[in-house]
There are 2 protein chains.
Amino acid sequence: MATGSPLASTADRSGVRSETLRNTNLSTILRELHRRGPLTRSELGQLTGLTRSSIGALVGELTKARLIVDRGTAADGQRGRPSAVTAVDAEHNVVFAAHVAVDSLAVASIGLGGTVHRTVRSQRTRRRLGLDATIADIVQHCNELSSTLPAGCTVHAVGVGVVGLVRSADNSVALAPNLGWSEAPLGQKLQAALTGNPPVTVANDANLSALAEVRRGAAMGVDEVVSVWGEVGVGGGLLTRGELFLGSNGLAGEVGHMPVNPDGRRCGCGAIGCWETEVGAAALLRRAALPDDGGRPALDALLDRSQSGDASALAALRDHARWLGIGLSGLVNLFNPSVVVLGGLFQRMHHVVAEDLQAELDRRVLPAALAGLCVVPSALGADAPLIGAAEMAFEATLASPLAMHGGDPRRTNR
Amino acid sequence: MATGSPLASTADRSGVRSETLRNTNLSTILRELHRRGPLTRSELGQLTGLTRSSIGALVGELTKARLIVDRGTAADGQRGRPSAVTAVDAEHNVVFAAHVAVDSLAVASIGLGGTVHRTVRSQRTRRRLGLDATIADIVQHCNELSSTLPAGCTVHAVGVGVVGLVRSADNSVALAPNLGWSEAPLGQKLQAALTGNPPVTVANDANLSALAEVRRGAAMGVDEVVSVWGEVGVGGGLLTRGELFLGSNGLAGEVGHMPVNPDGRRCGCGAIGCWETEVGAAALLRRAALPDDGGRPALDALLDRSQSGDASALAALRDHARWLGIGLSGLVNLFNPSVVVLGGLFQRMHHVVAEDLQAELDRRVLPAALAGLCVVPSALGADAPLIGAAEMAFEATLASPLAMHGGDPRRTNR
């Protein structure tokens, strides 16, 4: 036996630390229940490869930790015998998920398993765009939500999606041009300001939307996904093997800053001809000969006109769809996804210009990558960044279900 | 206890199949030795978290299977006591790795641990470019290499890198314009033609080169890497978390077909303004006012002229570097790599135009993604696709070290 290693004494004969093994098994079971919903013990056995007796013991531990609850019995799929049904305890295990957009702020309490319990949204004025004002608003919304939680509820963590570049190492916003932020320590300051200082993780909102669509939306269960969101700016998220592609410090997925037109316009980032200059909201408004700072109301009016068959509105959208197709073709050739999810403006215009978009993809995507490719609108819409932020915030609990329980100060004793 | 499951009786008290666990541990040890070279048992313990007694047993099994060998003892790093050193048996465990390029074919015998034992290269004429002729040449080269293997050597598998789009599901080449191939069942036909019908896996050569640089080259041990190779066409490979990003059917990484110039030239793929039309070999020759079909000799002459300070050659290379920078900027904004590896033509021109390339990146890459980014030339050069093909071919053995041994018909081939 090795000596000197603090964990050596807990290793069993197969050479693996039994604590590590137990945690892995607890994590596997909790993840299955979180992602799939209620399951019988026999279904858990099929999904995890664990024996029925092991599942019984592990389910017991998770129940004792108040992460999961019994839900009676159901007929076993294979033999028709009754099998105990287990589900996450979504009521008593929540995270707060926030979305910091340019014109709005939303915070939701979301239970284990992805149940959105309650959402608070507020409009943001120019006066409320600063980092400190944003933090104060998030804290206030979290306090409102806290007051609605049942007794004995644990707030596991807080997840925040921000319309900007986020460095994952320190949860700070490296750059958010549309908020006027640069090197903003959002995660650290928010954690300090929240009651009980819960863990806070921050990510780009388009990345979180992509994650949400794969976990619970339009691309559920798909491994290889590209998601693009059009708003004022253009965001994106890439998933491979079902997980977000984050890059070396969490900045990956900046699809808006692919160069697509060397003779194009100057982008907010300083470069020339980024995709965002061709498919952002301002570009669409310009194509319709409208002032390019009209924002959401002008876009809504333009989309309404196109629905009524207005020729100039349709022409603008079709030209926009062509540029959407040019950039998407590059993304499909690079990533070979099986599903592309369109969100925001792209989702709203998709049914009007689906044919034009497809024609551009047919012209530009390599045939082998085009075969079997699905382009679908977002299923979660404005909730996507919140649901993605909740998935991110639950990750630590899912990875180590018991690590933060027992004498956990976050469990509210009301 | 569950009944009816064929593996239930092999589960130990922790609920995990002991066969699965044993295989995982054997795999972990063999992978560490394959990637890192010879290690003492105490180093293996630190790397794997397994106990000394477990490592002893597992090393014994791998030794019995003739995958690893004893290498005497070395001083233990921590206490200075002698500790047994273990290494892969590279002599007796090999794969054949092939690279099918436009103008050449190479096949190498490569040992476990990445040792290149012997390489056979041949030039390819137009007459030898067909699928069947290529297969015949690979088989002949494999037979030559077989005759040099020591007694008792196992050929675990064959890996092939091809300059074309490869579908991973069936190891067939979906499209290789520069070879004139489309839907070519290379993997299947090659396996049938080889003595003993060893497992054959096929992949895109630029993807394999990227893998090789991360495992054993310029980006060794780096998790987030973009690699781009300029030859006649332009290929690329993307790695995240140290693994190749393959997409939904193995086609990811087609960096040459990002649209970068909507008013540009028609590409071999049929689209307009793909990156390949701006940074392929033909584009460089056109920039130097040379016939664009001059191939390698013309490129060599041009690079020689630039080394001697020829102004027009330098101007052509600097313009080429600007377009290299435009596309690379998009890739860096999308992937947020920590290292970009330049191969082929890009490697050869890099030292001449490094400043021009960096200037373009400075202009276009988001500052947060530019911070800490390294652009480096390939370290493996023309061997990269072979070394990558060997890594791919060894994967099955590394994942299940004992699965194919014991009564293995491939052992003792002489």
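Visitor: Which strands of chain A does helix α13 lie across, and what is its angle to β4(A)?

Guide: In this predicted model, helix α13 (residues 384-399) of chain A lies across β4, β5, β6, β7 and β11 of chain A. The helix runs at about 135 degrees to β4(A).

Visitor: In what order do these strands of chain A stand, and what is the pairing?

Guide: The order is β6-β5-β4-β7-β11 in chain A, an open sheet of 5 strands with mixed pairing. Neighbouring strands are turned by 15 degrees against each other on average, direction ignored.

Visitor: Why are β6 and β11 of chain A said to stand at the edges?

Guide: Each of β6 (116-123) and β11 (200-204) has a single partner strand, so one side of each is left without a neighbour in the sheet.

Visitor: How do you know that β5 and β6 of chain A pair?

Guide: Two strands pair if at least two bridges are found between them. Strand β5 (residues 104-111) and β6(A) have 7 bridges, in the antiparallel sense, and therefore meet that criterion. One of the bridge partners is A:Arg121 in β6(A), which is matched with A:Ala106.

Visitor: What makes β8, β9 and β10 of chain B a sheet, and what is the sense of the pairing?

Guide: The 3 strands form an open sheet in the order β8-β9-β10, and the pairing is antiparallel. β8 (165-167) and β10 (181-184) of chain B are at the edges because each has a single partner strand. Neighbouring strands of this sheet are turned by 25 degrees against each other on average, direction ignored. Between β8(B) and strand β9 (residues 172-176) of chain B there are 3 bridges, so the requirement of at least two is satisfied. B:Val166 stands opposite B:Val173 in β9(B).

Visitor: How many residues of chain B are in contact with chain A, and how many of chain A with chain B?

Guide: There are 64 residues of chain B in contact with 64 residues of chain A. The two chains bury about 5000 Å² between them, 60% of it on carbon and sulfur atoms.

Visitor: How many salt bridges and how many polar contacts are counted between the chains?

Guide: The count of salt bridges between chain B and chain A is 0. No Lys or Arg side-chain nitrogen is therefore counted within 4 Å of an Asp or Glu carboxyl oxygen across this interface. Polar contact, by contrast, is found for 18 residue pairs, both residues at pLDDT 80 or more.

Visitor: Which element gives the largest share of the side of chain B that touches chain A?

Guide: The largest share, 7 residues, comes from α10(B). By class, that side of chain B has 32 nonpolar, 20 polar and 12 charged residues.

Conventions:
Residues are numbered from 1 along each chain as its sequence is written. Chains are lettered from A and ligands numbered from 1 in the order in which they are written. This is a predicted model: local features need pLDDT of at least 70, side-chain atom pairs count only at pLDDT 80 or more; totals for chains, interfaces and linings use all residues. Side-chain values use heavy atoms; hydrogens and water are left out. Helices (H or I, at least four residues) and strands (E, at least two) are DSSP runs, numbered from the N terminus. Axes are lines fitted to C-alpha atoms, for helices over the stretch in contact, and angles run from 0 to 180 degrees between N-to-C directions. Contact means heavy atoms within 4.5 Å. Buried area is the accessible area (1.4 Å probe) that two parts lose on being put together, summed over both. A polar contact is a pair of N or O atoms within 3.5 Å; within protein, one must be able to donate a hydrogen and the other to accept it, and residues adjacent in sequence count only if both atoms are side-chain atoms. Ala, Val, Leu, Ile, Met, Phe, Trp, Tyr, Cys and Pro count as nonpolar, Asp, Glu, Lys and Arg as charged, and the others, Gly among them, as polar.
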